[in-house]
Each structure stands twice: as C-alpha cells, then as structure tokens.
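Visitor: I have a structure open and would like to learn how to read it. Could you walk me through some of its features?

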2 protein chains.
Amino acid sequence: MSTASVAPIAPRGEEVRVFAPASLSNLGPGFDVLGLALAAPGDIVLARRSATPGVRILRATGGVPLEADANTAGVAARETLRRAGMTDVGIELEVEKGMPIGTGMGSSAASAAAAAVAVNLLLGSPLRKQELIGACVEAEARVAGRHGDNVSPSLLGGLVLVRSLDPPDVVRLPVPEDLMVAVATPAFELSTRVARAALPESAPLRSLVHSTANIAALVAACYSGDLALLARSLDEDVVVPVRAALIPGAREVMRAALDAGALGSSISGAGPSIFALCHSEARARAVARAMEAAFLQYGRLAASTIVSPADAPGARAL
Amino acid sequence: MSTASVAPIAPRGEEVRVFAPASLSNLGPGFDVLGLALAAPGDIVLARRSATPGVRILRATGGVPLEADANTAGVAARETLRRAGMTDVGIELEVEKGMPIGTGMGSSAASAAAAAVAVNLLLGSPLRKQELIGACVEAEARVAGRHGDNVSPSLLGGLVLVRSLDPPDVVRLPVPEDLMVAVATPAFELSTRVARAALPESAPLRSLVHSTANIAALVAACYSGDLALLARSLDEDVVVPVRAALIPGAREVMRAALDAGALGSSISGAGPSIFALCHSEARARAVARAMEAAFLQYGRLAASTIVSPADAPGARAL
C-alpha cells in the first residue's frame, strides 16, 4: 500500500463509474504470460459507498451472477477492500457487461478490473493500479483459472507481460507504432473450463525451446519496432494446436489472416476468438473481413469482428 | 550470399589468424536460446590457402582430432566453402585451443567460429557473419548437439538470442551498461553427451509458463536496463536442476554467488561451469572468489575463475 497523496475516502452515497476494456491473452508463445488491452468492448462497473460493511451486487447485466463471491467484480471489490485494510467499508456494485462471457477476450477480467479500480477510487486511491493486479487475479481464479494475462492489460492498458503472479510482477512492453489488432469472434460456445481441461499437462523439451525462443524474439521486436521479427515470433505449438482443434475453422481463419496481410495470428485466451496483428488500420480492417469470411466458409459460423489499436488504454473512471 | 563489396579471393599461401571467444550458453531460462560471448579465453585458428581442394587440419592443440570431419573447425571450414560455392578451394588449418573442451563454455563453438571467419576472409568475405552461423551450427551438431547459442555469440559477440536454427534467425540483444559476468569452472569432467542424456524429454506446462515468462522479462530487462528485473528473471526449473544435480556443489555455488551480491547465477552450457551476472567489475571479482570458495567447500573441487564484460566482441582477425 502506498501512503503518499491518498485522497480522503468518499462519503457514503458517493459513486464512481469505471470502464475496463476487453483483452487478448495467451498471445502467441505467451500462454498465461502475454496480454493486450482492446479499445472496446469493455465492462462498466458502478460502485457506491453504502452503510452496510462488505460488498453487494445490486444489478448485473449479461447473465452473470449477483452473488459477490461468484462474480469477478464482487471478488475483486472484496479483495481490494481487504488489501486496503478497509473491510469495514460498505460497497454496492452495478455491473454492465459490454461483452458476452466465454469469448476468450477477458470478460471476467474486465469486470474484475473495473470493480477494483472503482472501489479503490472510492477509498481515496490507497492502492496503485499495479497493486490491484493481485486482487483481480484472485477474482479470475474463481471463474477462469489463476492467470494474470487478462486482468493486467485490462487494468494497465497496452501490451503486458506477466512475469510472476506470486507476488504479481508485470512489465508493460512498448508497442510498435501503428500496430493494430483484428479480432474475429465466432458464434460458438467454448467454455474456459473445457478448453483448459483439453490442455496437455506437459510439453516436449523442443516445444519449450520453441516457445522461449519465440517469446524472447517477440519482446525484442516490441522494443526494437522490428515488425518482420514480430511476424516470425508468434508461433506456438503446445497450446494453440490443441485449442484450434476445438474451434471449427480456426486453422483456416488464422491462415486467411496471414493471406490477407496480417503479421501473425493466433487464438486469444481459451478461444474461440482469433486475433491477428497488423501494421496499419486499413490492413487490420481487411484482415478482419477475411477472418469473418473464413469462419463462415470453413467453420460454418457467423463471426463478429473488432479492430483496435494495440496500445489501447486500461481501466479508467468515466 | 551477399554480392556487394566482396574482396578478391586471397592468393595461394596467404594466411589469416582469427580469434573467437568462449561463450556462456543456456543462460537461465534460455536453454538452447540465449548465449553470451566472453572476452577470453578463446580459440585461434590459422587458415591458409593451399593448392589441394578441400580442408585439412595440419595441427591442433588441446587434444582435439585432426580429422576435418571430427573437428568443429574442419567442419565449419568445409561448410563455409560449400555455402560460398567455392568447394574447389584448398584450405589448411592450424587450431590453437585456448581452453579445454567440456567446460560448458563453448570450446567447440569457438573453434568453429574462428575457422568459419578465417575461411570467409580468405575467400574475400563473400558471406556475412550472420550467414556463417549455419556453417558453425552444422559443426556443433557433430560434437555437441544441434544448437546455436554458443556459435552465435562466439561469432557476433555480446548477448545473442537464437530464435530459430532453420534457417538461422538470431537477434543481438542490448546489454545493460557495465554488466559483467563471473564464471567458475571446477576441475570436474562432465561430457556434453552425458549432460544432454540426463535432460528430461518433456516439461510440465507450468514450467513452460515459468520459462517463457522469465525469458520475456529477461529480454525486457536488457532493453530497459532494469537490473532488478534482470535479477528476478534468471530462474529456470526444467534443465538447471537436473544439471545442478550432476555437478558437486553446484547449488551451493549459485547460492554463494547471490550471497556475494550477484544479480543472478546459473549453469553455463551443459556445465560444469557456473556463471553469475553482476552490476560492476568489482562485484564480479568478489562473486568469482565466492564461487571458487564454494566449489572447494561444498564440491571439494578446485575451480578456476573468469571475469568478463557481458558485451565482449565476437570473432575477429588478429
């Protein structure tokens, strides 16, 4: 907890509204390690100081549970109170989901990030954003496995490397200028739990070398702005093939993205969303159309698409 | 093969002498992926144009074979001729080993790098140094497994990331200012073959995440100059523990390095050399003494030590 320049706690009844963006995770060789914030969509959490100690969720859209313990916004809010040493404070939440759950774009993480930032603001900002990561990881762990590569970019924005969770140790990586992402999300249900269960328990040593070599090159490419190196560094052969096999048309969609000029393409999170990195907005729009068409042709699935800058901002008060 | 500004081939009888440095490899989480050139020791290869096509080794110190096919200098020389399209040229080599083999400091790679650069110089430099990496990797493959994290720094100098071998794709990483390495080499024979055979065939998925997270952070630390992050990023839990168990006192030596103020410590190559990264030359000297003492105390082994800048130059004509 930082002690410098902490604002006074908000009076009872005062409220804040915080937006936290969707995020790509498991970026290429960065399984559980690399995530990226999108400009939109995202979740909005309204938090209000109330007289009753503890966290209650008054309203939630999108079919997510109202029980604070089963909702990542609720868990993150409680964890934020706990870490700030202010569990006697009462908080009421309203959660407006801006995206469906189960698309692989960090829906549960966005709710957690928005709630953590909102509660911290009401408390007078005793915790820095980096200190909210642990609270959000605990929330994620309730519903989507213990990983930090969605909550970290959703909180901080941009491209974030999660070196460690215990304690949280994250690095914001520089994003090459004008880098854009295209995302295609098919109308296909794939639960994170099923996708996680399909993961292999181990990887051949040569795959470990392949992944470490590629993620190291990807980070180097981000610092040096070498887009050709970035394009060569997105491959992964442990998790992505397993998950691609669960998503109709996934391989053809990634191929279509490359054929349309993407630097690279892979699965976001547990899927079924597929993303592509592109060197310009015009290219990203063309790639998004190509991915949508490929989902329809090869997966027989309608897909929605998103185009976003690769260094979108993180959670913030509205 | 580049065609610009190629010098004429040297006349028969002309000779060059090239030094190539020893190198650390398997740096922390960079098994088969990250290597670093040392200022010294190194090997010297003298190459001379002769009338008889092909490569012959006239003399070699250090007990390495004279058969060109069994000596990395010979193989690298032949591969360099082949890649330059000049297999009709005759080359005589003399190899002066500046270090013993089997210490984990890239002895076979140094001979290969020196020979490749020497032959290329005699040919009028038709190949760039980056193009010599493949020739040296083929040489390494004959004696020490197919990996590029010794030959690449031995050729190019500094800290080098090997993203791929087929084709060779390497990145020179920036080295934080004043970064030094201390190395302790115990009087203990450990063959690369035995050390490779002891490797696990696979790694748990959580270890893959640990390695990708750490190597990504290590690369970020090199670009940003964040020595504290560098210090947190050297851990590896797949290969290093297995090899540490083969080297008497290894764990205690790495611990002694940290206790003496090293940023991090790990095993170089297949061992038995152990290295430590340090933020100053004075610290590196103290760490080297501590490692030497720990090898004696806990491994009952005498050890020699080296201190070197972390961005030493690569192979060059003398």
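**Reading the model, feature by feature**

Guide: Let's start with a loop: B:Pro167 lies in the loop between E5 and E6 of chain B. Keep in mind that this is a predicted model.

Visitor: Which residue does the cis peptide bond join to B:Pro167?

Guide: The partner is B:Asp166, and omega is about -5°. Chain A offers another case to look at, a cis peptide bond between A:Ala40 and A:Pro41 with omega about 0°. A:Pro41 sits in a strand, E2 (residues 34–50) of chain A.

Visitor: While we're on backbone angles, which value does phi take in A:Asn26?

Guide: Phi of A:Asn26 is near 55°, which is positive although the residue is not a glycine. A:Asn26 belongs to the loop between strand E1 (15–24) and E2 of chain A. That loop also holds A:Asp32, where phi is near 65°, again a positive value in a residue other than glycine.

Visitor: Are A:Asn26 and A:Asp32 buried or exposed?

Guide: The test is a count: 20 or more other C-beta atoms within 10 Å make a residue buried. A:Asn26 has 26 such neighbours, so it counts as buried. A:Asp32 has 22 and is buried too.

Visitor: Now helices. What is the general idea?

Guide: An α-helix has 3.6 residues a turn, so residues three or four places apart point the same way. Try helix H1 (residues 72–83) of chain A: its 12 residues reach 16 Å from first C-alpha to last, close to the 16 Å expected at 1.5 Å a residue.

Visitor: How many residues of H1(A) are buried?

Guide: 10 of its 12, so to speak mostly covered. Among them are A:Val75, A:Arg78, A:Glu79 and A:Leu81. The cover includes E2, strand E3 (54–60), strand E4 (90–96), helix H2 (107–122) and helix H3 (129–143) of chain A. Just after the helix, A:Gly85 has a positive phi of about 70°.

Visitor: And how far apart are the end C-alpha atoms of helix H6 (residues 205–224) of chain A?

Guide: They are 28 Å apart, which agrees with the 28 Å that 20 residues should span at 1.5 Å each. Burial comes out at 15 of the 20 residues, so H6(A) is largely enclosed by the rest of the structure. A:Gly225 follows H6(A), with a positive phi near 75°.

Visitor: How should I read strands?

Guide: Strands of a sheet pair through backbone hydrogen bonds, either parallel or antiparallel. Chain B shows both. Strand E2 (residues 34–50) and strand E4 (residues 90–96) of chain B run antiparallel, joined by seven bridges, and B:Val45 stands opposite B:Val95 in E4(B). Strand E3 (residues 54–60) of chain B runs parallel to E4(B), with six bridges; here B:Val55 faces B:Ile91 across the pair.

Visitor: Which handedness does the β-α-β unit of E3(B), helix H1 (residues 72–83) of chain B and E4(B) have?

Guide: Left-handed, so to speak worth a look on your screen: E3(B), H1 and E4(B) make up that unit.

Visitor: What is the strand order in the open sheet of four strands in chain B?

Guide: The order is E9-E10-E7-E11, with antiparallel pairing. Strand E9 (264–267) and strand E11 (303–309) of chain B are the edges; each has a single partner strand, so one side of each lacks a neighbour in the sheet. On average, neighbouring strands here are turned by 20° against each other, direction ignored. E9(B) and strand E10 (residues 274–278) of chain B share four bridges, with B:Gly264 opposite B:Leu277.

Visitor: Which strands does helix H9 (residues 250–259) of chain B touch?

Guide: H9 touches strand E7 (180–186), E9 and E10 of chain B, and its direction makes about 160° with that of E9(B). Helix H10 (residues 281–299) of chain B also packs on the sheet, touching E7, E10 and E11, at about 20° to the direction of E7(B).

Visitor: Finally, how do I read the relation between the chains?

Guide: Superpose them. Chain B can be laid on chain A with an RMSD of 0.0 Å by a turn of 180° and a shift of 0.0 Å along the axis. The copies are thus related as by a two-fold rotation axis.

Visitor: How many residues does each chain bring to the contact?

Guide: Chain B gives 35 residues and chain A gives 35. On the side of chain B that touches chain A, H6(B) gives the most, with 13 residues. Since 100% of the interface residues of chain B are also interface residues in chain A, the copies meet through the same surface.

How values were computed
Residues are numbered from 1 along each chain as its sequence is written. Chains are lettered from A and ligands numbered from 1 in the order in which they are written. This is a predicted model: local features need pLDDT of at least 70, side-chain atom pairs count only at pLDDT 80 or more; totals for chains, interfaces and linings use all residues. Helices (H or I, at least four residues) and strands (E, at least two) are DSSP runs, numbered from the N terminus. The expected span of a helix is 1.5 Å times one less than its number of residues. Copies are superposed by least squares on the C-alpha atoms of residues with pLDDT of at least 70 in both. Two residues are in contact if their C-beta atoms, placed from the backbone, lie within 7 Å. Two strands pair if DSSP finds at least two bridges between them. A crossover is right-handed if, with the strands pointing away from the viewer, the path from the first strand over the helix to the second runs clockwise. Axes are lines fitted to C-alpha atoms, for helices over the stretch in contact, and angles run from 0 to 180 degrees between N-to-C directions.
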